Amino acid sequence: MPEKRSYLRFALKGNITLHPEDNPARIIKGDLINICFLGFAANLRENIGTGMTVQFELTTSLLKVPFAGKGKIQYIKRITVDNTPLLRVGVTFIDIDKDIIMRILNMIQHEISVQQRQKKKY
(Lines give C-alpha, C1' and ligand atoms only; values in the text may rest on other atoms or scores of the structure.)
Protein backbone atom coordinates (compact mmCIF):
# COMPACT_ATOMS: atom_id res chain seq x y z
CA MET A 1 0.00 0.00 0.00
CA PRO A 2 1.51 3.37 -0.96
CA GLU A 3 2.21 5.92 1.78
CA LYS A 4 -0.64 8.43 2.07
CA ARG A 5 1.40 11.00 3.96
CA SER A 6 3.20 13.73 2.08
CA TYR A 7 5.78 14.04 4.86
CA LEU A 8 8.34 11.69 6.37
CA ARG A 9 8.07 10.23 9.87
CA PHE A 10 11.27 9.29 11.67
CA ALA A 11 11.54 6.39 14.10
CA LEU A 12 12.35 7.70 17.57
CA LYS A 13 12.29 5.82 20.84
CA GLY A 14 11.22 7.57 24.00
CA ASN A 15 8.55 7.88 26.65
CA ILE A 16 5.38 9.89 26.37
CA THR A 17 3.03 11.19 29.06
CA LEU A 18 -0.41 12.48 28.10
CA HIS A 19 -2.77 14.60 30.20
CA PRO A 20 -6.27 14.85 28.64
CA GLU A 21 -7.53 18.43 28.60
CA ASP A 22 -10.88 17.39 30.10
CA ASN A 23 -9.11 15.68 33.05
CA PRO A 24 -5.59 17.14 33.54
CA ALA A 25 -5.00 15.03 36.66
CA ARG A 26 -5.23 11.83 34.58
CA ILE A 27 -1.84 10.52 33.49
CA ILE A 28 -1.53 8.21 30.48
CA LYS A 29 1.93 6.83 29.81
CA GLY A 30 3.21 5.24 26.63
CA ASP A 31 6.11 4.60 24.30
CA LEU A 32 7.03 6.96 21.47
CA ILE A 33 7.24 5.20 18.08
CA ASN A 34 7.91 7.94 15.53
CA ILE A 35 7.81 11.69 15.04
CA CYS A 36 7.55 14.29 12.29
CA PHE A 37 7.08 18.05 12.05
CA LEU A 38 3.29 17.65 12.31
CA GLY A 39 2.95 15.08 15.11
CA PHE A 40 3.95 11.74 16.56
CA ALA A 41 2.74 8.16 17.06
CA ALA A 42 2.87 6.30 20.36
CA ASN A 43 1.78 2.99 21.86
CA LEU A 44 -0.44 3.24 24.95
CA ARG A 45 -1.82 0.62 27.30
CA GLU A 46 -4.76 2.80 28.36
CA ASN A 47 -7.60 4.04 26.15
CA ILE A 48 -8.10 7.69 25.24
CA GLY A 49 -10.70 9.27 22.97
CA THR A 50 -10.17 10.24 19.34
CA GLY A 51 -10.40 14.00 18.86
CA MET A 52 -9.37 14.67 22.45
CA THR A 53 -6.96 17.52 23.14
CA VAL A 54 -4.01 16.56 25.36
CA GLN A 55 -0.99 18.12 26.99
CA PHE A 56 2.01 15.90 26.33
CA GLU A 57 5.52 15.50 27.62
CA LEU A 58 7.97 13.56 25.48
CA THR A 59 11.26 12.26 26.84
CA THR A 60 14.00 11.03 24.50
CA SER A 61 17.76 10.58 24.68
CA LEU A 62 18.15 13.33 22.05
CA LEU A 63 17.11 16.06 24.50
CA LYS A 64 18.36 16.91 27.98
CA VAL A 65 14.91 18.07 29.10
CA PRO A 66 11.45 16.76 28.17
CA PHE A 67 9.69 18.26 25.14
CA ALA A 68 6.22 19.48 26.11
CA GLY A 69 3.29 20.78 24.12
CA LYS A 70 -0.35 20.44 23.21
CA GLY A 71 -1.79 18.03 20.66
CA LYS A 72 -4.95 16.37 19.39
CA ILE A 73 -5.56 12.61 19.17
CA GLN A 74 -6.13 11.98 15.45
CA TYR A 75 -6.52 8.21 15.43
CA ILE A 76 -6.47 5.13 17.62
CA LYS A 77 -5.71 1.65 16.33
CA ARG A 78 -5.64 -1.59 18.32
CA ILE A 79 -2.39 -3.51 17.79
CA THR A 80 -0.53 -6.42 19.38
CA VAL A 81 3.20 -6.24 20.14
CA ASP A 82 4.89 -9.32 21.64
CA ASN A 83 1.46 -10.79 22.53
CA THR A 84 0.57 -7.59 24.41
CA PRO A 85 -2.54 -5.67 23.30
CA LEU A 86 -1.76 -1.97 22.83
CA LEU A 87 -3.33 1.13 21.35
CA ARG A 88 -1.39 2.96 18.63
CA VAL A 89 -2.34 6.65 18.72
CA GLY A 90 -1.50 9.42 16.32
CA VAL A 91 -1.19 12.90 17.79
CA THR A 92 -1.17 16.09 15.74
CA PHE A 93 0.71 19.02 17.23
CA ILE A 94 -1.43 22.04 18.14
CA ASP A 95 0.91 24.15 20.27
CA ILE A 96 4.64 23.34 20.35
CA ASP A 97 8.02 25.05 20.20
CA LYS A 98 8.77 24.57 16.49
CA ASP A 99 12.47 25.23 17.05
CA ILE A 100 12.71 22.23 19.36
CA ILE A 101 10.91 19.91 16.94
CA MET A 102 13.21 21.09 14.14
CA ARG A 103 16.24 20.41 16.35
CA ILE A 104 14.95 16.88 17.09
CA LEU A 105 14.37 16.16 13.40
CA ASN A 106 17.78 17.56 12.45
CA MET A 107 19.49 15.34 15.06
CA ILE A 108 17.66 12.28 13.72
CA GLN A 109 18.65 13.12 10.14
CA HIS A 110 22.25 13.67 11.23
CA GLU A 111 22.33 10.23 12.91
CA ILE A 112 20.90 8.62 9.75
CA SER A 113 23.55 10.37 7.65
CA VAL A 114 26.37 9.20 9.92
CA GLN A 115 25.09 5.62 9.80
CA GLN A 116 24.90 5.73 6.00
CA ARG A 117 28.50 6.98 5.74
CA GLN A 118 29.68 4.24 8.07
CA LYS A 119 27.93 1.59 5.93
CA LYS A 120 29.70 2.86 2.79
CA LYS A 121 33.12 2.54 4.48
CA TYR A 122 32.62 -1.20 5.05
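How many of the eight residues of strand 2 (residues 28-35) are buried? Keep that strand in mind while the whole chain is still on display.

**The whole chain**

What you have open is a predicted model, in which local features need pLDDT of at least 70 and side-chain atom pairs count only at pLDDT 80 or more, while totals for chains, interfaces and linings use all residues. Residues are numbered from 1 along each chain as its sequence is written, and side-chain values use heavy atoms, with hydrogens and water left out.

Colour the chain by secondary structure, and you will find one helix and six strands, where helices (H or I, at least four residues) and strands (E, at least two) are DSSP runs numbered from the N terminus. Followed along the sequence, these elements come in the pattern β-β-β-β-β-β-α. The C-alpha atoms fill a box of roughly 50 × 35 × 25 Å along the principal axes.

If you switch on the surface, about 8100 Å² of the chain is exposed, and carbon and sulfur atoms supply 51% of that area; such accessible areas come from the Shrake-Rupley method with a 1.4 Å probe, and for residues only the protein chains shown count as cover. Of the 122 residues, 38% count as buried, where buried means under 20% relative accessible area, exposed means over 50%, and partly exposed lies in between (1.4 Å probe, protein chains only). Among contacts (heavy atoms within 4.5 Å) between residues at least 6 apart in sequence, 54% join residues at least 24 apart.

**Strand 2 and its partners**

Now select residues 28-35, which make up strand 2: this strand is mostly covered, with six of its eight residues buried. Add strand 1 (residues 10-20) to the selection, and you will have two strands that run antiparallel and are joined by seven bridges; strands count as paired if DSSP finds at least two bridges between them. To see one of these bridges, pick glycine 14, whose partner in strand 2 is leucine 32.

Next, add strand 3 (residues 39-44), which pairs with strand 2 in the antiparallel sense over five bridges, the two being joined by a hairpin through three residues. Two places to look at along this pairing are glycine 30, which stands opposite leucine 44 in strand 3, and asparagine 34, which stands opposite alanine 41.

**Strand 3, covered on both faces**

Keep strand 3 selected and show its side chains. Six of its six residues are buried, and both faces are covered, with Gly39, Ala41 and Asn43 on one side and Phe40, Ala42 and Leu44 on the other. Strand 3 is also joined to strand 6 by six bridges, and these two strands run antiparallel; a pair to select here is asparagine 43 with its bridge partner in strand 6, arginine 88.

**The aromatic rings**

A pair of aromatic rings is described by the distance of the centres and the angle of the planes. The structure holds five aromatic pairs, counted when the ring centres of Phe, Tyr or Trp (its six-membered ring) lie within 6.5 Å, with planes under 30 degrees apart called stacked, over 60 edge-to-face and the rest tilted. Select phenylalanine 56 and phenylalanine 93, whose ring centres are 5.7 Å apart and whose planes meet at 35°, so the pair is tilted. This pair links distant parts of the chain, 37 residues apart, as phenylalanine 56 is in strand 4 (residues 53-59) and phenylalanine 93 is in strand 6 (residues 84-95); both residues are buried.

Then select phenylalanine 67 together with phenylalanine 93: here the ring centres are 6.1 Å apart and the planes stand at 80°, so the pair is edge-to-face. Phenylalanine 67 lies in strand 5 (residues 67-81) and phenylalanine 93 in strand 6, so this pair ties together parts that are 26 residues apart in sequence, and both of its members are buried. With Phe40 added to the view, you have the one aromatic cluster formed by Phe40, Phe56, Phe67 and Phe93.

**The loop between strands 5 and 6**

Which residue in the loop between strand 5 and strand 6 has a phi near 50°? Select aspartate 82, found in that loop, where phi takes this positive value in a residue other than glycine; at 73% relative accessibility, aspartate 82 counts as exposed. In the loop, also select asparagine 83, which has a positive phi of about 60° although it is not a glycine and is exposed, with a relative accessible area of 77%. Most residues other than glycine have a negative phi.
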